[in-house]
Amino acid sequence: MAENGPAIARLGWDDDWGQAFEPFRGRGLHPARVGVEDKHHYQLFAEDGLFTGKVTGKFRSQTRTQADFPKVGDWVAFKPQAGEDRAQIHAILPRVTQLARKRKGRETSEQVLVTNVEVAFIVHGLDRHLNVRLIERFLVMTREGGVQPIALLNKTDLDSHSSEKVDELQRALGEVPVLPTCARTGR
């Protein structure tokens, strides 16, 4: 398997990830990116194709919280099962960024939504009242996770005052880019 071949590079694999993966190379493990998380099953995108992965029993027993399990965007070290599209996930490479929120209810643990992304688009529709405070809460979440935020005000075709709202939000958010959009018209 060519860890830095074209297929895996399109997923974001680079020399830094290659260095982070180095401890697993001698153990016969392969790198993959988690594309889908479905309870305890994960769709892994690897150089050799798509695999359905599960964490090993050892991984499960050593994991303290739900946030420590693989999430969409994670790079993992996995071992494919011979002749099948199934795999065992042995480890997660260190996360660079993450978007997380507090779990609902009385728990104080975090719920990781996605990892290792560079940009998050905070989308707010202009078909309702502009909620600057809500957008600011999402902004805090992205900044805490090391992700660059961009605010998109969508449905500009439904609001004759969209340019004023863009200006209002731009003043509130400072240097964060605020872009007016219209999914319907493509503008």
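## Strand E9 and its surroundings

In this predicted model, strand E9 covers residues 148-154, and because six of its seven residues are buried, the strand is largely enclosed by the rest of the structure. On one side, E9 pairs with strand E8, which comprises residues 119-125, and the two run in the parallel sense over seven bridges. One of the residue pairs in this ladder can be named: Val119 has Gln148 of E9 as its bridge partner.

E9 is also joined to strand E10, made up of residues 178-180, and here three bridges link strands that again run parallel. Within this pairing, Leu152 finds its bridge partner in Leu179 of E10.

## The three-stranded sheet

Taken together, these strands form an open sheet of three strands in the order E8-E9-E10, with parallel pairing. E8 and E10 stand at the edges and have a single partner strand each, so one side of each is left without a neighbour in the sheet. From one strand to the next, the twist averages 25 degrees. Helix H4 packs on this sheet, where it touches both E8 and E9, and the direction of H4 makes about 170 degrees with that of E8.

The chain connections between the strands can be described in turn. E8, helix H4, which spans residues 132-144, and E9 make a right-handed β-α-β unit. A right-handed β-α-β unit is also made by E9, helix H5, which spans residues 162-173, and E10.

## Val119 on an edge strand

Val119, already met as the bridge partner of Gln148, lies in strand E8. With a relative accessibility of 34%, Val119 counts as partly exposed, because that class takes in values between the 20% limit for buried residues and the 50% limit for exposed ones.

Leaving aside residues up to four places away in sequence, Val119 touches Val147, Gln148 and Ile150. Met141 stands 22 residues from Val119 along the chain, and the C-alpha atoms of the two are separated by 12 Å.

## Thr115 in strand E7

Elsewhere in the chain, Thr115 has its place in strand E7, which consists of residues 110-115. How accessible is Thr115, buried or exposed? Its relative accessibility is 0%, and Thr115 therefore counts as buried.

The side chains of Thr115 and Asn116 are joined by a polar contact of 3.5 Å. When residues up to four places away in sequence are not counted, Thr115 touches a set of residues from earlier parts of the sequence, namely Arg33, Lys71, Val72, Gly73, Asp74, Arg95, Thr97 and Gln98.

## The protein as a whole

The secondary structure of the protein comes to five helices and 10 strands, and along its principal axes the C-alpha trace spans about 60 × 40 × 25 Å. Of the 187 residues in the protein, 40% are buried.

Among the contacts with a separation of 6 or more, 59% are made by residues that lie 24 or more positions apart. The accessible surface of the protein comes to about 11,200 Å², and carbon and sulfur atoms account for 50% of that surface.

How values were computed. Residues numbered from 1 in each chain as written. Predicted model: local features only at pLDDT ≥ 70, side-chain atom pairs only at ≥ 80, totals over all residues. Heavy atoms only, no water. Buried < 20%, exposed > 50% of the residue type's maximum accessible area, 1.4 Å probe, protein only. Helix = DSSP H or I, 4+ residues; strand = E, 2+ residues; numbered from the N terminus. Pairing = 2+ DSSP bridges. Right-handed = clockwise from strand over helix to strand, strands pointing away. Polar contact = N/O pair within 3.5 Å; in protein donor to acceptor, adjacent residues only side chain to side chain. Contact = heavy atoms within 4.5 Å. Areas by Shrake-Rupley, 256 points an atom, 1.4 Å probe, with all protein chains shown as cover. Axes fitted to C-alpha atoms, helices over the stretch in contact; angles between N-to-C directions.
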